[in-house]
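Notebook open, model loaded. I'm jotting down what I look up as I go.

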Amino acid sequence: MPRFPITGRRQLRLVSNQELYTLSFQAYNQFLQQNQVVNNSAQAATVKQVGSRLQAAIETYMRQKGLSEQLSGYRWEFNVVENQQVNAFCMPGGKVVVYTGILPVTQSETGLAVVMGHEIAHAIAEHGNERTSQGLLANGLLQAGSIVVDSNPSLARQIALQAAGVGTQLGMLAYGRKQESEADEIGLIMMAMAGYNPEESINFWQRMAAQNKGQEPPEFLSTHPSNQTRINDLKRLIPKTMQYYKGGKGGGSAAGAAGSRGK
Ligand SMILES: [Zn+2]
């Protein structure tokens, strides 16, 4: 079992989650204002539906582990934006965006659950928090443990977005290999609990790998290495996560893992 959201790694934690979420929500709202949000389409409805199911699964899982407090600042939101990049992200606090460019690769609700589960897992495991802290610090936007947004609010929001995987202009490092495999494992458990078959993740990542045949790797791939190693890792993880999959949407619980619960 992953011990999320406590990763066991020491993280640079310069900013409280409350401050981080405030910045995150501002950055998310700005992103939505500056991009074309898709509403009233079947695609948007499906993304919201998958998001709601994943959210319910996560809340159930965290409650059963006595970790509900970790989600207390979350304000979940699931949006689709018109953008041909193959990308999706989840900001700290549960703010999710799926780009239309990734929908031909996800192809189905289950494919969406792979992507959204993975991205949400990065947020739940707080993988972006350290990068946000470092980015703010490096740009003089942190003082005495608080974000000094006044001095350059747009740069602070830009750092928050890039820490979540939007663009790479500031040269922010991609998620590390450990973080990727942790997000894969948590994402598989979440999708299984939400009633989506984790075995389908293999097909999704193979389609992602096929996308990479072009000259320029899509954004999502540049931060999410998709190769045979990852697919082999997934094949190893899937049997562990199948215990959460009861088949049919909305089923599943963490109860099946009670025997393997540890500290
Ligand atoms: Zn990732």
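I started with N40, which is exposed, having 6 other C-beta atoms within 10 Å. For the record, exposed means 12 or fewer other C-beta atoms within 10 Å of a residue's own, buried means 20 or more, and partly exposed is in between, with C-beta atoms placed from the backbone. N40 isn't a glycine, yet its phi is positive, about 55°. I found N40 in the loop between β1 and α2 (42-64). Helices here are DSSP runs of H or I with at least four residues, strands are runs of E with at least two, and both are numbered from the N terminus.

Q107 went on the same page: its phi is near 65°, again positive in a residue other than glycine. Q107 sits in the loop between α3 (103-106) and α4. I get 13 other C-beta atoms within 10 Å of Q107, so it counts as partly exposed.

A note on ground rules: this is a predicted model, where local features need pLDDT of at least 70 and side-chain atom pairs count only at pLDDT 80 or more, while totals for chains, interfaces and linings use all residues. Residues are numbered from 1 along each chain as its sequence is written.

I checked confidence next. Mean pLDDT (the predictor's confidence in each residue, from 0 to 100) is 83, and 79% of the residues reach 70 or more. Over residues 250-263 the pLDDT is below 50, though I still see 28 contacts for this stretch beyond near neighbours in sequence. A contact means two C-beta atoms, placed from the backbone, within 7 Å.

Overall tally: I have ten helices and six strands, and 42% of the 263 residues count as buried.

Then the sheet. Four strands make an open, mixed sheet in the order β1-β2-β4-β3, with β1 and β3 at the edges, each pairing on one side only. Pairing requires that DSSP finds at least two bridges between two strands. Going across:
- β1 (residues 37-38) and β2 (residues 77-81) are antiparallel over two bridges, with V37 opposite V81.
- β2 and β4 run parallel, joined by five bridges; V80 has V98 as its bridge partner.
- β3 and β4 are antiparallel over four bridges, and F89 partners V97.

On to α1 (residues 17-34). Its 18 residues should span 26 Å at 1.5 Å a residue (times one less than the number of residues), and the end C-alpha atoms are 25 Å apart, which agrees. Which residues of α1 are buried? I listed L20, Y21, L23, S24, A27, Y28 and F31. They fall within an arc of 165° seen down the axis, so they line one face of the helix; the arc is taken over directions from the helix axis to the C-beta atoms. Q18 and Q33 are exposed on the face turned away. The buried residues of α1 pack against β3 (88-91), β4 (95-99), α5 (127-138), β6 (146-147) and α6 (153-163).

Last stop, the largest nonpolar core: 64 residues, and L54, V98, A113, M116, I120, A160 and M190 have the most contacts inside it. Such a core is a set of buried Ala, Val, Leu, Ile, Met, Phe, Trp, Tyr and Cys residues joined through C-beta atoms within 7 Å. Helix α4 (residues 109-124) gives the largest share, nine residues. I also followed A160: leaving out residues up to four places away in sequence, A160 touches L23, S24, A27, M91 and T132.
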